[in-house]
Amino acid sequence: MDSAAAVRRRAVLAFAVLALLTQTGATAIPWMIDRDASRIEMSVQAFGGSHSGRFADWRGDIVFDPTDPEGTRATVVVQSASLAMSPAVASRRATGPAFLDAARYPQIRFDLRALEPLGGDRYTAHAEVTMKGITRAVAFPVDLRVTGDRAHLTGAFVLNRADFGIGTSGPWNRLVGRQVTVRVALQARRA
């Protein structure tokens, strides 16, 4: 009988903790991304030089309270086929079956879980990135400036493409660097 009571107490405690965690995010404020003033870019070393590209088709949702940055949540969904690189042949190769495989994996997902304050306008972003059905945690420094109803976030992180099964076989594997730098510059306004 004592063990059944202990199990019930633990279940009630777990439910209470879950309710408190859910309420913590409920006070955060939704923000709308200004797509025209924002960008998501990538760069990689390949064929003896640096090659960069920009994702043209993506959407995002942000919930942010400047007084509670740890409660920040954001989801950005990128259409992998929208990567534009120069020359155009690089775009086709990058989004093709050997790399992003946009036909089978049309979306790249970024889920921000929290912003850890470092002082001033500096934070560490804690997030998860999902590509080709594989999710990896990332943590990286960002600058976040809030002025009235406007916010501007900039930051960059490095991914190892092999961690997501991108370009790990075939002749291109040795010609393209494994480290891919992703740069984000997002502007948003309070909804």
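Q: In this predicted model, what makes S9 and S10 count as paired strands?
A: S9 and S10 run antiparallel and are joined by 6 bridges. Pairing takes at least two bridges, so these strands qualify. One of the bridges links Thr147 with its partner Arg150 in S10. The hairpin of S9 and S10 has 2 residues between the strands, and Gly148 there takes a positive phi near 60°.

Q: How do you know that S8 and S9 pair?
A: Same reasoning: the cut-off is at least two bridges, and S8 (residues 122–131) and S9 have 10, in the antiparallel sense. Val129 stands opposite Arg136 in S9. This is a hairpin too, with 2 residues between the strands, and Lys132 in the turn has a positive phi of about 50°.

Q: Why are Phe140 and Phe157 called a tilted aromatic pair?
A: Their ring centres are 4.7 Å apart, and the limit is 6.5 Å, so they pair. The planes are 40° apart; stacked needs under 30 and edge-to-face over 60, so the pair is tilted. Phe140 lies in S9 and Phe157 in S10, so the pair ties together parts that are 17 residues apart in sequence. Phe110 joins these two in one aromatic cluster.

Q: Why do Phe140 and Phe157 get the label they have, buried or exposed?
A: Buried means under 20% relative accessible area. Phe140 comes in at 5% and Phe157 at 7%, so both are buried.

Q: What makes Arg35 a candidate for sitting over the ring of Trp58?
A: Arg35 is 4.6 Å from the ring centre, and the distance cut-off is 6 Å. Arg35 does lie over the face of Trp58.

Methods. Residues are numbered from 1 along each chain as its sequence is written. This is a predicted model: local features need pLDDT of at least 70, side-chain atom pairs count only at pLDDT 80 or more; totals for chains, interfaces and linings use all residues. Side-chain values use heavy atoms; hydrogens and water are left out. Rings of Phe, Tyr and Trp (its six-membered ring) pair if their centres lie within 6.5 Å; planes under 30 degrees apart count as stacked, over 60 as edge-to-face and the rest as tilted. Helices (H or I, at least four residues) and strands (E, at least two) are DSSP runs, numbered from the N terminus. Buried means under 20% relative accessible area, exposed over 50%, partly exposed in between (1.4 Å probe, protein chains only). A charge sits over a ring if NZ of Lys or CZ of Arg is within 6 Å of the ring centre and within 35 degrees of the ring normal.
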